[in-house]
Amino acid sequence: MLEIDHFSYGWLTPAIAYIMSVVGSLLGLRCAARAESGGRGWLVAAAVAIGGTGIWVMHFIAMLGFSIRGASIRYDVPVTLLSAVLAMVVVWVGLYVANETSWRPLALPAGGAITGLGVAGMHYAGMYAMNSDAVIEYDIRVVALSVVIAVAAATAALWFVLHVRGVIVTVCAALVMGVAVCGMHYTGMFAMHAQAHTHTHTPTGAGATEVLTPLMVSVSMITMLLLLHLGITDVDERPVAPARDPESVPYWPTRN
C-alpha cells in the first residue's frame, strides 16, 4: 500500500480551494438573484460561477496538493476539460429544474438530486482524468457517502439560490456552500487507496502545473471579472413601476 498525501503543501491548497469555492458560490447566488428579474442569461452565469469556480476550480486546486509517495501523476487534458463542462451543465440543469414552478413541490429535491449526482460525477470524472503508475482503488462505502454529501450539499445550495436575499445572508450562505463542496471533495478523496503496480509504466498526459494552472487561472479571472462587474450590492427584485406621463396627471391650479 502506497502512502497518499492530500496536503503536500500543508493547508495552503485546502485554504485556497475553499476561498475559490466561496467566491464562486457567492457570484452564483448573486447571478441567480438577478435571473429572477433579468432573464435566463443570469442563470447560465450562475451555473458557470458555481459549477466552474465553486466546484471545478476548487477540485483541481485541492488536487495540486495531492500526491502518491513513490508514484507519478499526470492528467488527461480532454477528460479534464470534459469534467469542467459537466460541472457547469449539471448545475445549470439543477437551477433550471429548481426554478420550474410547475414541478413544485418536487422541483427542489429533483434539482438537488440532479446537481448532486452531477457534482459527484464531475469529481470522479476529474479523478478518472488522473493517470498514475500506481493502481488506484476506491472504498465503495466512502464513495457512496461522498455522493450523499454531494446531493445534500447541492439541495442546500439550490435552496439558498431560491430563498436567500441580502448581502450579509448571501455571504453566509456562500461560506456554508464552500464547506459543503470541500467536504464532499475530501470525503471522496479519502475513499482512495493506492498500490504499487507490478509492471511499472510511465503515465501519459500533462503535469498538474502544465494543464491545471492555466485552466484554473483562466476560469478564476473570468469569475473575478464577473464578480467585479456584478458587485455584491443588494439586488432589488421588485418590478419597477412605469413612469407616469406628466400630461396624464390632472392639473390642479394653485390658489393664490
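Me: Buried means under 20% relative accessible area, exposed means over 50%, and partly exposed is what lies in between (1.4 Å probe, protein chains only). What can be said of the charge partners of Asp-133, given that Asp-133 is buried?

Reply: The model is predicted, and for that reason local features need pLDDT of at least 70 and side-chain atom pairs count only at pLDDT 80 or more, whereas totals for chains, interfaces and linings use all residues. Residues are numbered from 1 along each chain as its sequence is written, and side-chain values use heavy atoms, with hydrogens and water left out. A salt bridge requires a side-chain nitrogen of Lys or Arg within 4 Å of a carboxyl oxygen of Asp or Glu, and in the count of charges Lys and Arg are positive and Asp and Glu negative, while His and the chain ends are not counted. The nearest side chain of opposite charge to Asp-133 is that of Arg-74, 9.9 Å away, and Asp-133 has no salt bridge.

Me: Where is Asp-133 found, and which backbone nitrogen lies 3.1 Å from a polar atom of its side chain?

Reply: Asp-133 is in the loop between strand S4 (130-132) and strand S5 (134-138), where strands are DSSP runs of E with at least two residues and helices are runs of H or I with at least four, numbered from the N terminus. The backbone nitrogen is that of Ser-72. For a polar contact, the N or O atoms must be within 3.5 Å, one must within protein be able to donate a hydrogen and the other to accept it, and residues adjacent in sequence count only if both atoms are side-chain atoms.

Me: What makes Asp-76 a cap of helix H3, and how do you know that the span of H3 agrees with its number of residues?

Reply: A side-chain oxygen of Asp-76 lies 3.4 Å from the backbone nitrogen of Val-79, at the N-terminal end of H3. The expected span of a helix is 1.5 Å times one less than its number of residues, so the 22 residues of H3 (residues 77-98) should span 32 Å, and the end C-alpha atoms are indeed 32 Å apart. The buried residues of H3 include Val-79, Ser-83, Ala-87, Val-90, Val-91, Gly-94 and Ala-98. An α-helix has 3.6 residues a turn, so residues three or four places apart point the same way.

Me: Why is the pair of Phe-60 and Tyr-75 called edge-to-face?

Reply: Rings of Phe, Tyr and Trp (its six-membered ring) pair if their centres lie within 6.5 Å, and planes under 30 degrees apart count as stacked, over 60 as edge-to-face and the rest as tilted. The structure holds 7 aromatic pairs. For Phe-60 and Tyr-75 the centres are 6.2 Å apart and the planes stand at 75°, so the pair is edge-to-face. This pair links distant parts of the chain, with Phe-60 in helix H2 (residues 41-64) and Tyr-75 in strand S3 (residues 73-75), 15 residues apart. Both Phe-60 and Tyr-75 are buried.

Me: How do you know which class the pair of Tyr-124 and Tyr-138 belongs to?

Reply: The ring centres of Tyr-124 and Tyr-138 are 5.9 Å apart and the planes stand at 80°, so this pair is edge-to-face. Tyr-124 lies in helix H4 (residues 107-128) and Tyr-138 in strand S5, 14 residues apart. Tyr-138 has a relative accessible area of 34%, so it counts as partly exposed.

Me: What makes Gly-126 buried, and which residues is it in contact with, leaving aside neighbours within four places in sequence?

Reply: The relative accessible area of Gly-126 is 1%, so Gly-126 is buried. Gly-126 lies in helix H4 and is in contact with His-59, Phe-60 and Ser-83, where contact means heavy atoms within 4.5 Å.

Me: How many salt bridges are there in the whole structure, and why can the pair of Arg-69 and Glu-3 be said to tie parts of the chain together?

Reply: A search of the whole structure finds 3 salt bridges. In one of them the side chains of Arg-69 and Glu-3 meet at 3.7 Å, N to O. Arg-69 lies in the loop between strand S2 (67-68) and S3 and Glu-3 in the segment before strand S1 (4-5), so the pair ties together parts 66 residues apart in sequence. Asp-5 and Arg-69 also meet in a salt bridge, at 3.5 Å. Arg-141 and Asp-139 meet in a salt bridge too, at 3.3 Å. Through shared partners, Glu-3, Asp-5 and Arg-69 are joined into one network.
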